[in-house]
Amino acid sequence: MNRIITDSCCDLTPEMKSEMGVISVPLTMTVGDKEFCDDETLDKAGFLETIKSFKGKSSSAAPSFHLFQEAIESTVDAFVLTLSSKLSASFNNAELGNQKATENGKGALCVFDSKSASAGQTLIAVKIYELIKEGFPKEQIIKTIHNLIDNMKTYIVLENYDTLQKNGRLGKVTGTFIHKLNIKLILGSDGQGEITLFNKCRGMKKTIQQMLTLIDKSERDISTENLVISHCYNPDLAMHLSSLIKERFHFKKVIVVPTGGLSTFYANEKGIVLAF
């Protein structure tokens with residue numbers, strides 16, 4: 001039975017969606033005059049090539065409230081999860097969709113604002129699934145997930161800043177300067193759902209060490225927690241980072257997944273997103 005509804009910024013493999021009972025509500029991406037729906041029909045490799053070859057401004061759009069309402073009304077006792085309300089209208093549309101579904105007597109149990117995206121949403125979705133599977137009551141699930149969202153860390157390292165430049169989130173001169181000097185920006189959620197800069201490193205080796213340091217500095221009991229790594233066509237780096245994390249820390253599980261369409265759009269080729 002489907003019990004979890006997410007927007008498509010949540011990076012899950014088809015096998016995970018099937019096992020966890022997840023319904024994914026697609027966002028759309030527009031590159032020039034071409035519109036792409038972030039669902040199972042998306043050719044991600046072709047989509048990435050389109051992004052790379054297009055020099056103009058591109059954009060993304062949240063699912064309509066109608067799509068969320070339809071998904072909610074097709075389930076019973078579902079939990080809804082969206083990317084950060086500071087980055088997209090997805091959360092607001094999900095709440096409106098749930099309001100409409102509730103008026104029809106078919107509302108969800110809770111709509112969560114992840115205050116994150118990509119791997120962060122995956123981390124939350126996996127936790128919801130685990131709690132449902134273990135038979136926790138809805139009140140305890142809601143409390144636990146809100147606590148996870150409030151304490152979760154999300155970090156992003158990109159090889160390519162083109163989409164951020166095209167969308168005005170990073171100046172063209174700054175992006176070119178960073179690329180030429182092989183400087184890697186460690187970006188991430190500020191805890192409230194906005195993207196902020198955590199550090200700058202020269203080269204990937206130093207960047208990886210800094211990411212490990214950030215995990216260490218969290219000073220949390222991670223023995224019962226998962227960690228998720230999403231990668232955009234960069235499995236070697238993702239698995240290397242996973243191995244280093246497993247050697248140094250003791251997470252319950254380290255999960256590695258490829259980025260979905262929207263995460264691919266913003267992370268670009270070789271981008272990495274980490275959440276715990």
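This report walks through a helix, two nonpolar cores, some empty spaces and a few single residues in a predicted model.

## Helix H5, an enclosed helix

Let's begin with helix H5, which runs over residues 119–133 and so counts 15 residues. From its first C-alpha to its last it reaches 21 Å, close to the 21 Å expected at 1.5 Å a residue.

How many of the 15 residues of H5 are buried? The count is 12, so the helix is largely enclosed by the rest of the structure. You can pick out the buried residues as you follow the helix along: Ala119, Gly120, Gln121, Thr122, Leu123, Ile124, Ala125 and Val126 come in a row, and Ile128, Tyr129, Glu130 and Leu131 are buried too. It helps to remember a general point about helices here. An α-helix has 3.6 residues a turn, so residues three or four places apart point the same way.

## Two nonpolar cores

Helix H5 turns up again when we look at the largest nonpolar core, a group of 37 residues. The members that touch the most others are Met16, Met20, Phe79, Phe112, Ile124, Ile128 and Ile145. Several elements give two or more residues to this core: the helices H1, H5 and H6 (138–151), along with the strands S6 (79–82), S7 (110–113), S9 (183–189), S12 (253–258) and S13 (272–275). Which element gives the most? That is H5, with 8 residues.

Met20 lets us look at this core from one residue's point of view. Leaving aside its neighbours within four places in sequence, Met20 is in contact with Ile4, Leu12, Ala125, Val126 and Tyr129. Of these partners, Ala125, Val126 and Tyr129 are among the buried residues of H5. There is also a second, separate core of 24 residues, and its members include Ile208, Met211, Ile215 and Ile222.

## Closed spaces inside

Now for the gaps. Rolling a probe the size of a water molecule over the atoms shows where empty space is left. In this structure there are 2 cavities of 30 Å³ or more.

The largest cavity has a volume of about 40 Å³. Its lining is made up of Val157, Met204, Ile208, Met211, Leu237, Leu241 and Ile272. Helix H9 (204–217) and helix H10 (235–248) are the elements that give two or more residues to this lining, and H9 has the largest share, with 3 residues. What kinds of residue make up the lining of the largest cavity? There are 7 nonpolar residues, no polar ones and no charged ones. Two of the lining residues, Ile208 and Met211, also belong to the second core.

The second largest cavity, with a volume of about 30 Å³, is lined by Ser114, Lys115, Ile149, Met152, Ser189 and Gly191. By class, these residues divide into 2 nonpolar, 3 polar and 1 charged.

## An open pocket

Pockets are open spaces, and the second largest pocket holds about 340 Å³ of space. It is lined by 18 residues, and those closest to its centre are Leu12, Lys17, Asp39, Lys44 and Gly260. Helix H1 (residues 14–20) gives the most to this lining, with 3 residues. The classes in the lining are 5 nonpolar, 6 polar and 7 charged.

## Residues with a positive phi

Most residues other than glycine have a negative phi, and most peptide bonds are trans. Serine 118 has a phi near 55 degrees, which is a positive value. This serine lies in the loop between S7 and H5. Is serine 118 buried or exposed? With a relative accessible area of 4%, serine 118 is buried, because buried means under 20%.

Asparagine 268 also has a positive phi, near 65 degrees. Its place is the loop between helix H11 (261–267) and S13, and it is buried, with a relative accessible area of 1%. Just after H5, glycine 135 takes a positive phi of about 80 degrees.

## Lysine 34

Our last stop is lysine 34, found in strand S4 (residues 34–37). Lysine 34 is partly exposed, with a relative accessible area of 45%. Leaving aside its neighbours within four places in sequence, lysine 34 is in contact with Met29 and Thr50. The C-alpha atoms of lysine 34 and glycine 191 are separated by 34 Å, and the two residues are 157 residues apart along the chain. Glycine 191 is one of the residues that line the second largest cavity.

How values were computed
Residues numbered from 1 in each chain as written. Predicted model: local features only at pLDDT ≥ 70, side-chain atom pairs only at ≥ 80, totals over all residues. Heavy atoms only, no water. Helix = DSSP H or I, 4+ residues; strand = E, 2+ residues; numbered from the N terminus. Expected span 1.5 Å × (residues − 1). Buried < 20%, exposed > 50% of the residue type's maximum accessible area, 1.4 Å probe, protein only. 1 Å grid on protein atoms, 1.4 Å probe; cavity = no way out; pocket = protein on both sides within 12 Å on 5 of 7 lines; lining within 4 Å. Points joined across faces, edges and corners; volume = space filled by probe spheres on them. Nonpolar A, V, L, I, M, F, W, Y, C, P; charged D, E, K, R; others polar. Core = buried A, V, L, I, M, F, W, Y, C linked by side-chain atoms within 4.5 Å. Contact = heavy atoms within 4.5 Å.
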